[in-house]
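Subject: Structure handover

Hello,

Here is the structure for you to take over. My notes follow below it.

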Amino acid sequence: MLENIRIVLVNTSHPGNIGSAARAMKTMGLSQLVLVNPITAPDGKSIALAAGAGDVLANAKTVSTLAEAVADCGLVIGTSARSRTLSWPMLEPRGCGEKMISEVSKYPVALVFGRENNGLSNEELQQCHFHVCIPANPDYSSLNLAAAVQTLCYEVRMAYLNLSRGQYPENHPEDTEYPLSEDLEGFYSHLEQTLIKTNFIIAKHPGMVMAKLRRLYNRSRPETQELNILRGILASVDKIAKERD
């Protein structure tokens, strides 16, 4: 299970933080690290701070975008240190760990961490099914990247150990299949293009419509079959719109 859990670091500024994050991962039994467009590639300082986790660092994959990093994932959870303009389904750290473990047997799952100075952008957060916030001391809530990785990886490990000990059953129905991230992105792109064709969205002034629709569908989390139905509905609308042109 733990080998199928992906830790994604987005646009990390300091290579030392990448090494420290790799060390935090390995202490909790996680090994799959993906770097999205790091400011500086891992270097000697990264290796030094990784300590005995050099293998995690050496096997880290580097990609250009978050979409590429999570394309084959069925569950993506983004870390958020503060409330955003558009609220999103939230998880506590313990619930985050339990949800990841409950679904990881079906497909890769990802836990996404943002930049050291300002976290994930709104656009990146909208690519996540859920957000998780560590309830730190409100008078001093500044967690460095490695500490945040360590905290959430610990919760993932505890959920894994509890499941292994039979302390609670998997809460994910065995017959439920959710679409992968790339399938959802394909749906959102199709939805936007259809709404532009029908003039529901004005291309030059789209406003917040798509962001709010993303929140709606992420909150309801359609299953694979339901997403196929939605794509079929859009295709039928496209066909009628084309016939009327």
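Which residues line the largest cavity? Before the reply, one caution: this is a predicted model.

**The cavity**

The lining of the largest cavity consists of Gln-126, Gln-127, His-129, Ser-181, Leu-184, Glu-185, Tyr-188, Arg-214 and Asn-218. Two elements give two or more residues to that lining: α8 (181-197) and α9 (209-220). Helix α8 gives the most, with four residues. Sorted by class, the lining has five polar, two nonpolar and two charged residues.

Where does this cavity lie? It lies between domain 1 (2-166) and domain 2 (181-243), because both domains give residues to its lining. Its volume is about 30 Å³. The search covered the whole structure and found one cavity of 30 Å³ or more.

**The pocket**

The largest pocket holds about 590 Å³ of space. Its lining has 28 residues, and the closest to its centre are Ser-80, Ala-81, Ser-141, Leu-143 and Ala-148. Helix α7 (residues 145-164) supplies the largest share of the lining, three residues. By class, the pocket lining splits into 13 nonpolar, 11 polar and four charged residues.

**The sheet**

Next, the strands. Seven of them form an open sheet, with parallel pairing. The order is β3-β2-β1-β6-β4-β7-β5. Which strands stand at the edges? They are β3 (61-63) and β5 (90-91). Each has a single partner strand, so one side of each has no neighbour in the sheet.

Take the β5 edge. Strand β5 runs parallel to β7 (residues 130-132), and two bridges join them. Leu-91 sits opposite Val-132 of β7.

Now β1 (residues 5-10). Are its residues mostly buried or exposed? Six of its six residues are buried. Ile-5, Ile-7 and Leu-9 point one way from β1, while Arg-6, Val-8 and Val-10 point the other way. Note that Arg-6 is among the buried residues. The general pattern is that side chains in a regular strand alternate between the two faces of the sheet.

Strand β1 has parallel partners in β6 and β2. Five bridges join β1 to β6 (residues 109-113), and Ile-5 stands opposite Val-109 there. Another five bridges join β1 to β2 (residues 32-36). Within β2, Val-34 is the bridge partner of Val-8.

**The cysteines**

How many disulfides are there? The count is zero. The cut-off is 2.5 Å between cysteine sulfur atoms. Two cysteines show why this matters for the count.

For Cys-128, the closest cysteine sulfur belongs to Cys-73, and at 10 Å it is too far for a bond. Cys-128 is buried, with 0% relative accessibility.

For Cys-133, the closest cysteine sulfur is in Cys-96, 11 Å away, so this pair is also too far for a bond. Cys-133 is partly exposed, at 25% relative accessible area.

**To pick up from here**

Two places to open in your viewer: the cavity between domain 1 and domain 2, and the pocket with Ser-80, Ala-81, Ser-141, Leu-143 and Ala-148 closest to its centre.

Over to you.

Best wishes

How values were computed:
Residues are numbered from 1 along each chain as its sequence is written. This is a predicted model: local features need pLDDT of at least 70, side-chain atom pairs count only at pLDDT 80 or more; totals for chains, interfaces and linings use all residues. Side-chain values use heavy atoms; hydrogens and water are left out. Buried means under 20% relative accessible area, exposed over 50%, partly exposed in between (1.4 Å probe, protein chains only). On a 1 Å grid over the protein atoms alone, a cavity is a set of points where a 1.4 Å probe fits but cannot get out, and a pocket is an open set with protein on both sides within 12 Å along at least five of seven lines; lining residues have an atom within 4 Å of a point. Grid points are joined across faces, edges and corners, and a volume is the space filled by probe spheres set on the points. Ala, Val, Leu, Ile, Met, Phe, Trp, Tyr, Cys and Pro count as nonpolar, Asp, Glu, Lys and Arg as charged, and the others, Gly among them, as polar. Domain bounds come from an automatic or database domain assignment. Two strands pair if DSSP finds at least two bridges between them.
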